[in-house]
Every structure is written in structure tokens, then in C-alpha cells.
Amino acid sequence: MSDVRSIADKFDEILKNTQIEKYTYTLSMSEKQELNVEDGSFKLMRTVFSQNASLSVYVGAKMGGVSGNDLTQEGLEKLAKDGKIAAESAQEDPCHDFGPNQGKDVFCQGTKEPDLDKFLERIQELLMAIAKEYPKVKVMAAIASFDRWNWLSRNTNGTEFEGIGGQYGVSLEICAGDGEKTTGLDYTGFSTKDLDTPFIELASVRSHLEGVQNSIYPESIQGKFEGTVILTPECAANFVYMTLYNYIGSSVIIDGTSLWLNKVGEKVADEKLTITLDPFDERIIMGERGTSFGVRSEKVTLIDQGVLKMHMLDLYAAKKTGRPVMNNTGSDLVINAGDQSIEEIIASVDKGLLMGGFSGGEPGTNGEFSGVAKNSFLIENGKIKCAVTETMVNGNLGEAFANIAAISKEQICNSGTVVPYIAVKGIVISGK
């Protein structure tokens, strides 16, 4: 990869010559060494390079943003001119801004140099373990890569952040079959900064393998009932993010439609629920180090034992509403573990679902949601009975997290999240 710092120095000179006095930009360069597997055979090895520049230009109370992937002299000159034109033609809004001087810092994360031989051994070990332990599962495709990157952000307030790092990543496309009976496709994957652990034990790989192998003979639920839904960690993360953006995200606070608009300091969820955004949690693979508005990322507690602590406002939304800014872009989700094992939680459910995925539209302003339960299993009398198909779930996000039955001891780290199983009561489950 080229030297991103020398390109940044050149870009600063170009911006000065273009008579742009206030700006912020990020340059990024990456290298991907990728290996593809199809039907159990290695098919492709390649190295892919990419680069990108994003620029925000401020002219008075106007702001214009542009981006591009040409980091040559000509490409950067065009980006600067386009950015100035975009700013001059924008509507005035004094709330557009970026953070004060944060000084200079370099963030080194992950693995800078890969051990590709060991990486290949781990991939082969994973494929053999799947074939041995889950004989009905077929790996349709696997993509393994080592990704290395270097990015640099600067602004005219004096902040300069640089990030250098690398990580291994694997994604799997799997299905299962027994004779002529097959399942649909399922997907799982992970990122890791080292090769210390067999890949089958990372993230939620094993639970996906078990889930798809046990889904060959699904059954249809008859009728409708209200029950308890146990959200797997991936599904729980999805529902938590839906809830957060629906109730405390920048857009709903700006337009005043949030039902939690004036709930800071009040109880909004079950006391078992504590949610933080923690880029420094050691289980997070590559935690965020700088926000999109040019300040150092911080650990943020959003909900503490059910009590709302703050809204998720970027700098623009904070200025627009006069409320506190959140120095985090909303990534690196960590949900505190509970005091029961997943086995104990399942055993406590009279009737409900273990839900691995959800497919539905965006919830309404009031938090109402409706969609199809994916990769899910019926629970009756404390035991998993069967995989289910054509099953709908309906409820309200706010009510769901106010009615948490249990949170598991187990937490799954899927690269950027650390989340347990969460069981919620009062969900309407509908079959045929």
C-alpha cells in the first residue's frame, strides 16, 4: 500500500490552493488477501487493493460532502473542487460542524502481518471439523481473508487520527440435507485478530451449524398464541439496534417523534438490561477509535439496569436539539450477561420460540414490529420441539424490553458486538 500520510500532506496543499479554509477528511487504503472455497475445494486466491477519500467542506454555515477513490494528484484536485462546489450550493445550517482540536494520535490494532500458513491450516481444520461433527451440513461456499488497512483523518481544527491494523475474517454459506430433503441457506462468519482458537469455536459458528442441521424437517405452527421468544445473540443485537434507533437515534430526537424523548434518567426497560457502546472492550475485535465528527470515541452507557442514561446523538443532532452529544457512532455494542444459562432459560419457557433471525419491515414510530421468524425453533414445556416454518412474530419493541424474562450467562462476540441470549415475554406468535 502507498503511504497514506504523504498523500494527506499533498491533499492539504491542494485544499489550501483551492482556497478551502475549513474542512475535514479521511483517507483510507486497504489490502485484502482472499481465499475462496466452493464445495469443499479451494478455488481462488487473490489480493485486492482499495482506496477511498471522503471530504466535508464548510463555507460559512454551509457544508458539502463528497467522496471518491482516485488518490492521484488529479483525483484529489477534482475532489477538492467538487467539495467546494457542493458546500457553496448547500443550504445554510449552522449546526453542521466537527469537534474541537483532539491533538494527534495513532491507533494500532489487530495483526499487522498475517501468518497465512497457519491461517490456511485453521481453515482446513474448520472444514474437516464440520464434515466430522455435522455430517448433514454442507459448506456451499467459504470466503477467508486477511484484511490490512491504514486510514488517516484530519481537520482544520488540528485533529489528526491515524489507524493501522489488520484482522482475519471467515464467512460461511451453509445448508443441510438428508436424502432429498434440504434446508435453505444459512450464513455465519467472524473476524479475529489471532489464530489461537479453532475457528469452529469462534463467535456463533457452532450454533449455526447445529441450527441448520436440526432444521431439515421443519413443522408449521397451527394457530396463534402469546409466548416467550428467546432471541439468539445475533437476533438480540438486531432487535436492540432497532429499539435504540427507533427511540433514541438522532433522527427521531431531532424530529421529536421519539417515545423516549424526555425519558433520560427514567426507567424504560427491565432492570436486567444494561447496554453500553464500548470500543475498548477486549472482546471487541477492532473497536472504534474516532467518530465521524472528529473526536475520540468513548465508552458510553445508554441503559443502566433499565434506566435510560442518554440519547444517541451525533454532533449535528446535539447542536440541533441542544442535548448532549454522544462521542461514539453507535458501534461496539455490549450487553451485560445475566445469571441463567441458556439451558435454564429454555427449560423455563412453557411455550415460545428460540429465534435466530427476523425478516420484517422497519418498526413504526411507536415501536410496533411484525415479521417472519427465521432459523427458529418451537419450545414447549421447557424443551425444543422442532424447527418451524412460516411463522410470524408481532410485538412492540419498548414493551418487549420492558418484559425481559431472562438474560443468559453466555455471551457471543461476533466481531463488533458482545451479546447474550435475551428472553422476552408477551410476543404474539402466529402460524398457519
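Which residues line the largest cavity? The legends below take up this view and then others. The model is predicted.

**View 1. The largest cavity of the predicted model.** The lining is made of Val229, Leu231, Phe239, Met355, Phe369, Val393, Ala400, Phe401, Val424 and Ile427. The enclosed space comes to about 60 Å³. Three elements each give at least two residues to this lining: strand E10 (224–231), helix H9 (397–402) and strand E20 (417–430). By class, the wall has 10 nonpolar residues, with no polar and no charged ones. The count of cavities of 30 Å³ or more is 2.

**View 2. The second largest cavity.** This cavity has a volume of about 50 Å³. Val240, Thr243, Leu244, Trp260, Ala269, Leu273, Ile275, Ile303 and Phe401 form its lining. Phe401 is also among the residues that line the largest cavity. H5 makes the top contribution to the second largest cavity, 3 residues. The lining divides into 8 nonpolar residues, 1 polar residue and no charged residues.

**View 3. The largest pocket.** Its volume is about 1,000 Å³. The lining holds 45 residues. Nearest the centre lie Ser207, Gly211, Val212, Asn375 and Phe377. Helix H4 (205–213), helix H5 (233–248) and helix H8 (342–347) each supply at least two lining residues. The strands that do so are E7 (181–182), E15 (351–360), E16 (368–380), E17 (383–389) and E19 (404–413). Which element gives the largest share of this lining? H4 does, with 7 residues. In the whole lining, 21 residues are nonpolar, 14 polar and 10 charged.

**View 4. The second largest pocket.** About 420 Å³ is the volume here. The pocket is lined by 22 residues. Those nearest its centre are Thr26, Trp151, Ser153, Gly290 and Thr291. Two or more lining residues come from each of strand E1 (22–38), strand E2 (41–59), strand E5 (137–155) and strand E6 (160–178). E5 gives the most, 5 residues. The class split is 5 nonpolar, 13 polar and 4 charged.

**View 5. Helix H4 and histidine 208.** Histidine 208 sits in helix H4. Is this residue buried or exposed? Histidine 208 is buried, because its relative accessibility of 10% falls under the 20% limit. Beyond its neighbours within four places in sequence, histidine 208 is in contact with Ile174, Asp186, Tyr187, Thr188 and Glu234. The buried residues of H4 are Val205, His208, Leu209, Gly211, Val212 and Gln213. Their cover includes helix H3 (116–133), strand E8 (186–192), E5, E6, H5 and E16. Of these buried residues, Gly211 and Val212 are also among those nearest the centre of the largest pocket.

**View 6. Methionine 312 in a loop.** Methionine 312 lies in the loop between strand E13 (307–308) and helix H7 (315–321). Its relative accessible area is 4%, so methionine 312 counts as buried. Which residues does methionine 312 contact, leaving aside its neighbours within four places in sequence? The contacts are Leu244, Tyr245, Ile248, Gly249, Ser250, Leu302, Met326 and Gly330. One of them, Leu244, also lines the second largest cavity. Methionine 312 and glycine 382 are 70 residues apart along the chain, and 38 Å separates their C-alpha atoms.

**View 7. Glutamine 102 in a loop.** The loop between helix H2 (73–88) and strand E4 (104–110) holds glutamine 102. Leaving aside neighbours within four places in sequence, glutamine 102 is in contact with Thr159, Phe161, Gly294, Val295 and Arg296. Asparagine 155 is 53 residues away from glutamine 102 in sequence. In space, C-alpha to C-alpha, the two are 10.0 Å apart.

**View 8. The cysteines.** How many disulfides are there? The count is 0. A disulfide is a covalent bond between two cysteine sulfur atoms. For cysteine 235, the closest cysteine sulfur is in cysteine 386, 18 Å away, and therefore too far for a bond. Cysteine 235 counts as buried because its relative accessibility is 2%. Cysteine 108 is exposed, with a relative accessibility of 60%.

Key: Residues are numbered from 1 along each chain as its sequence is written. This is a predicted model: local features need pLDDT of at least 70, side-chain atom pairs count only at pLDDT 80 or more; totals for chains, interfaces and linings use all residues. Side-chain values use heavy atoms; hydrogens and water are left out. Helices (H or I, at least four residues) and strands (E, at least two) are DSSP runs, numbered from the N terminus. Contact means heavy atoms within 4.5 Å. On a 1 Å grid over the protein atoms alone, a cavity is a set of points where a 1.4 Å probe fits but cannot get out, and a pocket is an open set with protein on both sides within 12 Å along at least five of seven lines; lining residues have an atom within 4 Å of a point. Grid points are joined across faces, edges and corners, and a volume is the space filled by probe spheres set on the points. Ala, Val, Leu, Ile, Met, Phe, Trp, Tyr, Cys and Pro count as nonpolar, Asp, Glu, Lys and Arg as charged, and the others, Gly among them, as polar. Buried means under 20% relative accessible area, exposed over 50%, partly exposed in between (1.4 Å probe, protein chains only). A disulfide is a pair of cysteine sulfur atoms within 2.5 Å.
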